[in-house]
Every structure is written in structure tokens, then in C-alpha cells.
Amino acid sequence: MDKIKILGLRRDKATVLQFLQKEGVVELIDTRVLNSESSSQVDETEQRLALQKKEAEILINQTQLNSVIQTLENKYANVPQESTDKKISLDDLLMVKDREKEFLDLFDLLKLTEERKIDLAAEREQIQREQDILNDWRKVEIDLQQTSTQRTLIFLGRLEKSAVSDLEQELTELSLAETAILILESGETFDLTAIVALREHELAINQLLKQYDFNYLPIEKSGTPNQIYRSNERKIKKIDSTMIELETTMKSIAAKRLDFYLLSDYYTVTLEYYSASKIPEDSLYTFYLEGYIPRKDSRKVKQNLEDDFTVFVELIELGPEDEYPILLKNKPFAGAFQTILEMFGAPSTKEIDPTPGVAIFSFLFFGMMLSDVGYGLLLTIGCAYLLWKAKIDTSSESGQLVRMLFLCGISSTLWGFVFGGFFGDMLTVMSDNRITFPCLWFNPMDEPQKLLIWSMIFGVIHLFGGMIMKIINEIKFGKISNVFFDVIPWFLIIIGLGLLLGGSSLNISTFDVGEVGKWLALVGAAIVMLFAGREKKNIFSRLISGIGGLYGVVNYLGDILSYTRVLALVLATSVIATVINFLASMVSGGIIGWFFAVVILIGGHLLNLALSGLSAYVHSSRLQYVEFFGQFFEGGGWFFKPLKYKTKYLKIKKNDE
Amino acid sequence: MVVLEKLGPFLTLLAAAMAAFLPGLGSAKAVSRLGQTINGVLTEQPELFGRALILQALPGTQGIYGLLTLFLILTRSGLMELGFSADITWYQGLLWIAASLPITIVGYISALYQAKVCETGISLIAKRSDQHARVIVLAVVVETYAIFALLASVLAIFSLS
């Protein structure tokens, strides 16, 4: 990694930044905070404000745009697109600037159409509600606007059948007998009535009607109910045909959704450019910026910059003692597992890249935990399809995951052969014990204790791997003494204790393995005790630190025991598979029986693959993070994030495509 | 004492049933609580559904471990093949109960505790959806103890049969 310093003319600033964004290999350093006192050479508040305004505008537009894209993708996913080519050239992307108006018009049309659709739908609902009420009144031949005469008021509405006579009676009792109840239409449980009353009785009548749950007709339009009903029907028809028109418009817009992708990506790129353009320090005529650049690109970029622009470029080679972002460089196999490290965080610039170790052991442990030929093949084939047939973008986050799972699938298949698992014991169960899938080593279901021991042995190997990383780091840091006092003794103690406890099973007769183990462990413990507190001057506090250092044996014990999860997950996968096979074998027999058996087998095994695959992934990652990294990882770095054209929906073609 | 002598199969079945129902209950509680939290988050950010679903599924594994223990106890004790005629003494039955205790208790409780981690994890990914993977790892650290409990029960079951 190099540091690049660029000093240029202010009028070139935009083009230089665009050039850097296109190259995509420079991470700009925000120097504004570092020397904020000296940055007031030029008063550019107005310019800054204009930029901020434009930025905010774009942000708002983009948010709306993205939600529109979401709607289009949800509701109109089936509408064929005019163009499905998701790869664009950089020029096409930058050309959006000239076509922005056209895109925004389309966008406005879409918003307008959406709004009209919502309004019309609301209107239609309103009319429909009116229709539901009017439907009962259609035979009544009254003008609904006729609600009063000079001396009387007419109330139209629905009244419960049983209430009519009660109401009449109460009217006479209250000496409102001048009121007439006209039954216009008789329904099953209610009557449609017109109640004609004197104007001066309005208040009393209204109160009374409320008591009797009189249901007022809420429509006051001119014409008989039937006429209104008819005209409403015509309105609905018109709305429906307009809706269809709007829908076609929407579909024609949806067909152009690639344009929205393009615009949204253009905004993303522009925003990135804006935030970058705030970084350089401007003086009246010049600008100045600093950045990190990978060494392999630095000379070429410097050359190009100096050829094309009036700039002064300086490169500074950074050494291990400097701080700079981390760009991991790995071979394809290890690179596939890089995502596990990226999730955890970047190593510091001084230490070794742990990815190769992570790769080897993740491959090993994932495969061991899933360990089934059937599941492994399914996983491998599924990922292979995504990688080579569906051509998933391997530089994206999900693409990297797929690439890793592809390898993990292979590993699971291999371990499946080792432990003899093919969809659990499917062959045995379905063939009534005639065929047994062979295992190359042993079956964990029969000898779980053996796998318990072996998972811990693999764990010790993993931990040793971590300790070797620690040795490499200490050598890089130039602290060789730490290797002899902090790492080597633990090798001796762990191997020694291992031999002492399990050495008898090795069947070596030439010497007493247990005795050798005992002495190895003792020598290791002695070194730890004497040197763990070597920084302390006082002899007593040094001894106490040494005894404290020996407490580390508990940590190692915990770490090693943690690997027994491998056994538990192996058993979990195969027992669940066994249960599924067992259920399927219970229903099998006859055509219907076999049909259900197949359904159970497919559904069950897919579910188990998903669950066990997830466990295998997270638990093998955890073994890396806690047990493996715990041995040596310092961390504290950050990953290299260059200024570049980073798009969300479309992919930018490389120059040679 | 005649009754006691015939209790063997019952105690064995009890051991298996406990292993299935208590962790299952814990998982159900945990998953339901997470589901409620997720519903709240989805009102604002429906696109998080896939990620949230994985988090919801995590404390569901304890129920599966319980089921797995049930299956192992039933097959290893011979209850599944022989049924009523299984020849199990009452103190063997008690041993099966003892074997099922680790996953029964730890499975139940760890599901609830794991749900708490997942719950706060969901509010984390609601704000920063790129942290999804780390939330899973943090939740899985809790699950480790359910796995150890399962391992303890499974080893006990294997050593009894």
C-alpha cells in the first residue's frame, strides 16, 4: 500500500476526481479534521451550500425512486422488460446526466399515475357504498331531493319491522299524531319508510327516531333512487375503464424499469462523487488531496495523472509501522473464505493475513459438521448452478457466500463418505436393511465416543494452527523471546498432557509414552511459571504472575472442549435425517403411501439441509472467531474502500467486455 | 411393589417426553416473542424479512435438539421397537430421566436467553442491516450451551445403552 498525494489546479479538481473514481483504486483520506485551522484560505460557503442543496435533492429523489423500484418489482415483476441487459458501460451510466430530464419525466408520470389510481380507487369505493344502500330503494319512486314542503319535513330511512307499530303508538301518546309513517317498500326484517312530520315537530321527531334506531338514508341527490343507481353504475364503469388505461400506462412504465435502475445507480455514483469532492483542501487556485493506493496500481495511476492533468503527484511507500487500510490478497481457494474474516474485522497492518488458515479449517469443520453425501451434493450442485448457470456476481456479498458454500458442499460430500451418510440412513431404511451406505472410517452413530476424541484432536490441531500464526506474528513484530516463553511452552504442555492421558492407546512399546508426556508437560509448565511474569522486577510478584500464567491451562481446556460441538452437530444432522427417513418408511407402501413418503423425504431433507447447513456455517465460523483468532489475532485495521463506481442494480462492464 | 416394577417403560417415556416438550416450549416462547418484535420492524422495513427470519429460527433449534433426544431415548431404550412389551426396570427408567435432564433444562432456558440476544439483534439490523452476520454469531454463542447440554444427554444415552 502506498500513500498518494496530489496537488493540482482547482479547475481540474472535478475531472481528477472523476478519473480517480473511474480507476477505483484510491481511498481518499479526510484531511479536513487534521488541519482544520489552516483550511480557511477560501471562502466557499456559497459553493458548499449549493452542493449540499443538490445533494439533498438527489437523496430525496433517490429514496422515492428506490421505493418506486420496490413497488415495480413487487407488483409488476411479470411485465416483460424492454431490455434485460443488466450490464452497462460506464459511459452509459455517465450519460444519464444528459438524459436525467427524460428519466425524471417518466418518474413523474409514474407518480402521477399511482396517485390517480389511488384517488379513483377511493372514489369507486365511495360510490360502491352508495350503491349497496340504494339497492334496497330502487323500487321507490321518490325524488330524493324532495325532503320538505312548506309546512312539513320528510325523513327517508329504514326502520325495523317490529318498531313501526310501537312508533305509531308512541307518536299518538306524545300528541304528535300529525305525523304520518308511510311504508314505501316492505323488506324481510325492515321497512323502507318515509316519515312526514310538521316542521315544528322536527326536534322531537328526530329524538324519537333515534330511539327506534331509524336508519336515515344518507343520500340527497336529485332523481329517484333507481335513476341515481343507474348513473352511479355508469360512473363505476367509467372509473373501471380509466383504471385499465392507467394500468396499461403503469405496465408500459414498468417495462422501462431498467431506466429507473440506471437513474438510481447514477444517483448513487454521483452522491459518492459529491462526498469525495468535499474532502480535498481547496485554496484559491489549487486543490490538494491524499489517499491510499495499492502498490501494484500506484505507478500507473501516477503516470496517467501526470500525463492528462496539470498536477503534481507524490508517492510515499508505507511500511509495517504505518497505518493504512487492509486489502486482502488470496488465492481462489482461500479467497472464497475471505468473507468469514471480513465479517469479523480487519487485521492490523503489522500482522499476518489469517485467511489461509481460516479457509483450511472452515473447509474441514463445515464438512465435518454437515458430513452427508446427499446434503453435500445438493449444496454443491445448487451453488454450482448459481455460480455458472445463473452467473451470480461473485464480487457481491451473496456471491462470495455462494462461492464458499460451493467448497463447503464438496467438503461435506467427502466427509459424508468418511462417516457413511447419504441423507442419513436413507438407503438402509428404504431398502429394508438390504443396502447400507459404506463408510470409509467409522459411523459416528455407532461410535460417538470415538468421534468425541477425534473432534477434540482436530480442535487441538486447529489451536496449534493458531499458535503457529502467533509465532509468525511475534517474529514479524521482532519479539522472538515471546515465542519461546509464551507459545512453545504451551505446545509442550498440551502435547504432554495429551500423551499422559491418551498415550496408552497409541500402543508404542519402545518407551513409556505417558512418562515422556509427563516430562514434556512439566518442562512447559516450568517455563510458563518462570517467565510469564518476566516484565516484573520483584521476584515474588514475578512468581505470582507465573502461577497466574499457568491458569491459562483452563482456557486451553475450555477451547479444546468447545470442539466437542462437532460431534453434537454431526449427530444432530444424522439423527434428524434418520427421523425423516423413519417417518417416510412408516407411510410408504402403495401408490398413495409412496407419494407421501416422497413428499416427506424431499421436504424433510431440504429442511434439515437448511437447518444443519446454517448451524455448520455459524458454528465453524465461531470456532474461527473465538478459538482460532483467540490465539493470535490483534485486529484494529480497516478494510480498503476505494472511491469507485459502486452500483446497486446494474453492473458496470469492464473495459474488455 | 408390583406397580413400581412396571413403571420402567413409563419413566423412560417420561424422560423422552420431557426432553421433547420443555425445550420445545422454550423454543416456542422464544420464537413467538421474536416474531412479535420482527412484525414491528417489518412495518417500517419489509425488506428485512429474510434476514429477520433467520434470526427468528435460531432459538428454534433447542426444540429440535429435544426432539432428537426423544428419538434417541425411544430407539436406544427399545421402546420404539417393543412398545408395551419393552423390558425396562424402574431404576433403568430413572437413569433415562437423569440422562435427559441436561437438554431438558438447559434447552428450555437457553432458548429464552438466546431470544433476548436475537431480539436486540433485530433492532440492530433494523438500523444497520449489514451487521446481520455478526448478530447471528453472537446469538450462536448462547446456543453453544444448548449444544453442550445436548452432547451431555446424548453421551449419557449412548453410555446407558
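**Reading contacts, sheets and helices in a two-chain model**

Modeller: The contact between the chains takes 18 residues from chain A and 19 residues from chain B; two residues are in contact if their C-beta atoms, placed from the backbone, lie within 7 Å. This is a predicted model, in which local features need pLDDT of at least 70, side-chain atom pairs count only at pLDDT 80 or more, and totals for chains, interfaces and linings use all residues. Residues are numbered from 1 along each chain as its sequence is written, with chains lettered from A and ligands numbered from 1 in the order in which they are written.

Biologist: Which elements give two or more residues to the side of chain A that touches chain B?

Modeller: They are helix 20 (565-587) and helix 21 (590-632) of chain A. Helices (H or I, at least four residues) and strands (E, at least two) are DSSP runs, numbered from the N terminus. Helix 20 of chain A gives the most, with eight residues. This side of chain A divides into twelve nonpolar, four polar and two charged residues. Ala, Val, Leu, Ile, Met, Phe, Trp, Tyr, Cys and Pro count as nonpolar, Asp, Glu, Lys and Arg as charged, and the others, Gly among them, as polar.

Biologist: How do I read strand pairing?

Modeller: Strands of a sheet pair through backbone hydrogen bonds, either parallel or antiparallel. Here two strands pair if DSSP finds at least two bridges between them. Strand 1 (residues 2-9) of chain A pairs with strand 9 (residues 286-293) of chain A in the antiparallel sense, over eight bridges. Strand 1 of chain A is also joined, antiparallel, to strand 10 (residues 311-317) of chain A by seven bridges.

Biologist: What is the bridge partner of A:Lys5 in strand 9 of chain A, and what is it in strand 10 of chain A?

Modeller: In strand 9 of chain A the partner is A:Glu290; in strand 10 of chain A, A:Glu314.

Biologist: And how is a helix pair read?

Modeller: Two packed helices are described by the angle between their axes and the distance between the axes. Axes are lines fitted to C-alpha atoms, for helices over the stretch in contact, and angles run from 0 to 180 degrees between N-to-C directions. In chain B, the axes of helix 3 (residues 49-57) and helix 6 (residues 90-127) come within 10 Å and cross at roughly 170 degrees. Helix 3 and helix 6 of chain B are therefore roughly antiparallel (angles over 145 degrees count as such, under 35 as roughly parallel, 65 to 115 as roughly perpendicular and the rest as oblique). B:Arg51, B:Ala52 and B:Leu55 of helix 3 meet B:Cys118, B:Gly121, B:Ile122 and B:Ile125 of helix 6.
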